[in-house]
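User: I have some questions about how certain labels were assigned here. Please keep the answers short.

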Amino acid sequence: MAKLDSKIPKGPLAEKWSKYKSTMKLVNPANKKKLDIILVGSGLSGSAAASTLGELGYNVKVFCFQDTPRRAHSVAAQGGINATKNYKNDGDSDYRLFYDMIKGGDYRAREANVYRAAEVSNATIDQLTAQGVPFAREYGGTLDNRSFGGVQVSRTFYAKGQTGQQCLLGAYSGLSRQIKKGTVTMYSRREMLELVVIDGKARGIITRNLVTGELERHAGHTVILATGGYGTIYYLSTLAVNSNASAAWAAYKKGAFFGNPGFIQIHPSSIPVLNEYQAKLTLMSESLRNDGRIWVPKKKEDKRHANEIPEGERDYYLERRYPAFGNLVPRDVASRAAKERCDAGYGVGDTGLAVNLDFKDAIAKQGKKAIEDKYGNLFEMYEKITGINPYDEPMRIYPSGHYTMGGLWVDYELMTTIPGLFAIGESNFSDHGANRLGASSLMQCAGDGYFVISNTIGNFLSGEIRTPKISTDAPEFEKAEKDVTGKIKKLFAVNGKQTVTSFHKRLGKIMWDYSGMSRNEEGLKKALKFIDELKEEFWKDVKVPGTNNEINQELEKAGRVADYFGLAKLIVIDALNRGESCGAHFREESQTPTGEAKRDDANYSYVSVWEYKGDEQEPQLRKEALNYEFVEVKERDYK
Amino acid sequence: MNIKLKIWRQKNAKAKGKFVNYNLDNVSPEMSFLEMLDALNNKLIIEGDEPVAFEHDCREGICGCCSLYINGTPHGPGEKSTTCELHMRSFKDGHTIVIEPWRSRAFPVMKDLIVDRNAFDKIIAAGGFISIDAGSSQDSNAVLVNKEKADEAFISASCIGCGACVAACKNASAMLFVSAKVSQFALLPQGRVEAVERVQSMVAKMDELGFGNCTNTYACEAVCPKGISVTNIARMNREFLAAKIS
């Protein structure tokens, strides 16, 4: 049975990573050529890892379900990427970023991993800049920084509101360079449907060719998952609609433990739901809260136009509740406060599920031009979608599912509990605890890809230099392929009457209502029952049109939704187990008299790590205790 | 609203395609264009028909998946917007909308409205990068970059690789796409080191893959959802000429 050993190197925090690198085992260049790496996912972490492993001389096979690696959802990250350069001379350091992340994550992340994420952040910015990523610059030619996510230093590098796109394209260009060199082979329009484990080690994957439907076997000495998060479990989220967790779920079912599945960040500002066919909620960057003021009417169900509601009848509830931080409270606090007002009947718009984000005062004070310079592209985007001009009246926003801090459990080397299976980027649980700070997602993805996995994988592969090429004729491949064939046949065989999307929507609603921003025992127990019932209905009445041997987008969706039933339950089970409120996880039973989240360190200072025991069995919980050696555990207070 | 649709249906790359007419009721002006297609597909599946295949992912105008020709224009009537950013309020009750895939020999149709844009990846792999290994880069501020140049490079770099430029061009030229990448690197000091080889190998690959030449119609610029300007093409031509005589 897999052991839970986080393999944290001994010694002072700031020396752990350099000590690890100096003492890890290496693979000599001649042997690297003989080692095959399977890498699934081509977002920022996947593309960065692929190019770096290719540079080192390994044989890398990269898989993505899109038509090209450049479309992975890292492309949509807006705000920026953090690094501790301290170019602004404002007192930043690795330790300070580490501390901000630990505190922001509400003391539910592993110190050593978080420190390393901060430590490699500078090299990441240097690498991206050298690759030609056009970050914003000052007139003197140096890189510009902005303050982001409510921290006290300016450490965020950015490329307008398209930082994710520029970072991903930088990594993609590095990946392309290795494709030209022949170290990386790219397999696009492929979806990983099964993991192959031989003698306890991850040795390959089964993919479906999304053009021909053919199932393909790919073998390697190791498998890396860079498959992103599972925010689409809510159906409506800020994620790309095809983002999914099927690869991670396959790994979980094969023995990789899942860490903190219930930690899901709800972003406070996205454009609210406008119609019943809505497929996606568009994010409005957090930076807007630097100048926009959030309010709802003081009167319940006030249907007047926002501009007709006089100043005295507006409730600037964030400024009222959190005078010190006001509109700049962290994401989880802002999201819950919006929900509280809307649930109490003060929400605006047709659905009552929205709050105003008003720039009137900022425009009056700074002028329209200044606001346009800062947020022009976001205002345009808002107007394109809603038809409303936010210079003339407030934007309407509402929280939506955004980022999953939870993911596959990994040790310090980013290896899961299956030897030889690694998870990087958002697909692992590693660096953000119970809540992620702004601009640290791109940072972690790029850092994992360029500087962490490229080192730690050598420690594993050094033990594989005598392992010959893995054959895809092994019985384990045979069985894995047969299992996938069986699942696909089963999906077609139902031949019911309801669309896959209709099930996904209903699952999303269950998750949003009972396991979203605010959770309680009764609701979570209801959710478990509803998920079971919906799953049963799915397998009796879902309709998957067409055949397997062609492009079949409904079949792709059906497989992903089928896996989501299992993950949804795991999320709820995790949320039920964690009786405290921390970070993005808010249990109504655990709050202060004024309605703030109440953490319970005595009972819950651990990572909840879940082991799969079968579809009909409860997963088994293990606890990775979180011992804070280097920071003092404090309460998060934004009042 | 009621919308009449005329959509290109094609079983696979080898099959012969044809237009099929559909009628869709209860279209709300709030719907995005793709949500309208979702509604159509929902109806088709329930009625036992095959849904229309189209490519989409981020649905916020940045991934570049969208590849629909709407009423004869790539990405439809919106200005500087992708198909997914288009909303039904741009159309009127009773309108007929014609939807086709990108029309270009370089982008063969794979099914219905999905085309193969793999040629773009091949052009990037031919030289659309700076050869720098992870770990060997110097401090980011060691080389100062003029802000205006950096901003210009950013605008060129904001290309989403959707291929509307190729689809709009009567010559199926990929010059706007290629020149945007060439320009991004040509404008930055980091990119100058390999500038000569880069422009030659990317242009050679573009020609090899069967993209046409530029005859200055500027249809590409007109349909580009990111507003990439044809001055990039002029810059690439200059770079190419300089490379040839260097």
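User: How far apart do the C-alpha centres of domain 1 and domain 2 of chain A lie?

Analyst: In this predicted model, the C-alpha centres of domain 1 of chain A and domain 2 of chain A lie 30 Å apart. The contact takes five residues from each of these two domains. Helix H10 (residues 331-343) of chain A gives the largest share of the domain 1 side, four residues.

User: What makes up the side of domain 1 of chain A that touches domain 2 of chain A, by class?

Analyst: That side has one nonpolar, one polar and three charged residues.

User: Where do the two domains of chain A begin and end?

Analyst: Domain 1 of chain A covers 267-401, and domain 2 of chain A covers 476-605. These bounds come from an automatic or database domain assignment.

User: How many residues of domain 1 of chain B are in contact with domain 2 of chain B?

Analyst: 19 residues of domain 1 of chain B are in contact with 16 residues of domain 2 of chain B. By class, the domain 1 side has eight nonpolar, eight polar and three charged residues. The assignment puts domain 1 of chain B at 3-111 and domain 2 at 118-245. Their C-alpha centres lie 29 Å apart.

User: Why is Ala439(A) called buried?

Analyst: The cut-off is 20 or more other C-beta atoms within 10 Å. Ala439(A) has 26 C-beta neighbours inside 10 Å, so Ala439(A) counts as buried. Ala439(A) sits in the loop between strand E17 (421-423) and helix H13 (441-461) of chain A. Its phi is positive, about 65°, although Ala439(A) is not a glycine.

User: Why is Ala172(B) called buried?

Analyst: Ala172(B) has 20 other C-beta atoms within 10 Å. The definition asks for 20 or more. Ala172(B) therefore counts as buried. This residue lies in the loop between helix H4 (164-168) and helix H5 (175-186) of chain B. Phi of Ala172(B) is near 50°, a positive value in a residue other than glycine.

User: Which residues touch the most other members of the largest nonpolar core?

Analyst: Leu225(A) and Ala251(A) do, in a core of 272 residues. Leaving aside neighbours within four places in sequence, Ala251(A) is in contact with Leu195(A), Leu225(A), Ala256(A), Leu408(A), Thr416(A), Ile418(A) and Leu421(A).

User: What makes two residues count as in contact?

Analyst: Their C-beta atoms, placed from the backbone, must lie within 7 Å. The pair Ala251(A) and Leu225(A) is in contact, so their C-beta atoms lie within that cut-off.

Key
Residues are numbered from 1 along each chain as its sequence is written. Chains are lettered from A and ligands numbered from 1 in the order in which they are written. This is a predicted model: local features need pLDDT of at least 70, side-chain atom pairs count only at pLDDT 80 or more; totals for chains, interfaces and linings use all residues. Helices (H or I, at least four residues) and strands (E, at least two) are DSSP runs, numbered from the N terminus. Ala, Val, Leu, Ile, Met, Phe, Trp, Tyr, Cys and Pro count as nonpolar, Asp, Glu, Lys and Arg as charged, and the others, Gly among them, as polar. A nonpolar core is a set of buried Ala, Val, Leu, Ile, Met, Phe, Trp, Tyr and Cys residues joined through C-beta atoms within 7 Å. A residue is buried if 20 or more other C-beta atoms lie within 10 Å of its own, exposed if 12 or fewer, and partly exposed in between; C-beta atoms are placed from the backbone.
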